[in-house]
Amino acid sequence: MTIFTKIINREIPANRVYEDDHTLAFHDVDPQAPIHILVIPKKEVKDFQSCDSETIGYLLSAAQAVAKKLKLDESGYRVVINNGKDAGQEVAHLHLHILGGAKLGHIRHQDRTRKD
Ligand code: 5GP
């Protein structure tokens with residue numbers, strides 16, 4: 001069981017912003033932008049690559065609802081999914097990052113060692 005399942009089960013606290021039958025959204029504990037929300041499926045899915053399309057649809061719809069609720073829909077926001085170790089995925093429970101509340105910088109290559 002990951003820390004996110006414990007958040008779903010209310011075994012550990014989180015600052016929740018949105019919930020429906022299939023998803024939960026809450027503030028990231030270590031925000032990388034003025035607004036940084038995580039959207040997760042309630043069912044245990046370890047990463048994006050192994051996720052079924054129905055669940056992906058629920059997550060994307062929830063991300064739209066969160067953006068609207070937090071008034072990011074007009075100012076803009078970024079949705080990020082880290083999948084696997086090269087992307088730095090830390091928690092093995094699929095999550096979308098919603099980043100906004102300021103003009104965000106572009107993500108650039110810092111390391112070009114990988115050629116494939
Ligand atoms: P990843 O690097 O796996 O894409 O992102 C995991 C995210 O989960 C990180 O941004 C991290 O700050 C956040 N996180 C890890 N543990 C907790 C927690 O217990 N509560 C909350 N709200 N966020 C967490």
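The following questions and answers describe a predicted model of a chain and its ligand.

Local features need pLDDT of at least 70 and side-chain atom pairs pLDDT 80 or more, while totals for chains, interfaces and linings use all residues. Residues are numbered from 1 along each chain as its sequence is written, and side-chain values use heavy atoms, with hydrogens and water left out.

Q: Which pattern does the chain follow along the sequence?
A: Helices (H or I, at least four residues) and strands (E, at least two) are DSSP runs, numbered from the N terminus. The chain has two helices and five strands. Their order along the sequence is α-β-β-β-α-β-β.

Q: What is the radius of gyration of the chain?
A: This radius is taken over C-alpha atoms, and the globule rule is 2.2 Å times the number of residues to the power 0.38. For 116 residues a compact globule would have a value near 13 Å, which agrees with the chain's 14 Å.

Q: Which element gives the largest share of the shell around the ligand?
A: The elements that give two or more residues to this shell are α1 (3-8) and β2 (23-27). The largest share is three residues, and the element that gives them is α1.

Q: How far is an oxygen atom of the ligand from an N or O atom in the side chain of Asp-28?
A: Asp-28 is among the residues that come nearest, out of 16 around the ligand; a residue counts as near if one of its heavy atoms lies within 4 Å. A polar contact is a pair of N or O atoms within 3.5 Å. For the side chain of Asp-28 the distance is 2.5 Å.

Notes: Polar contact = N/O pair within 3.5 Å; in protein donor to acceptor, adjacent residues only side chain to side chain.
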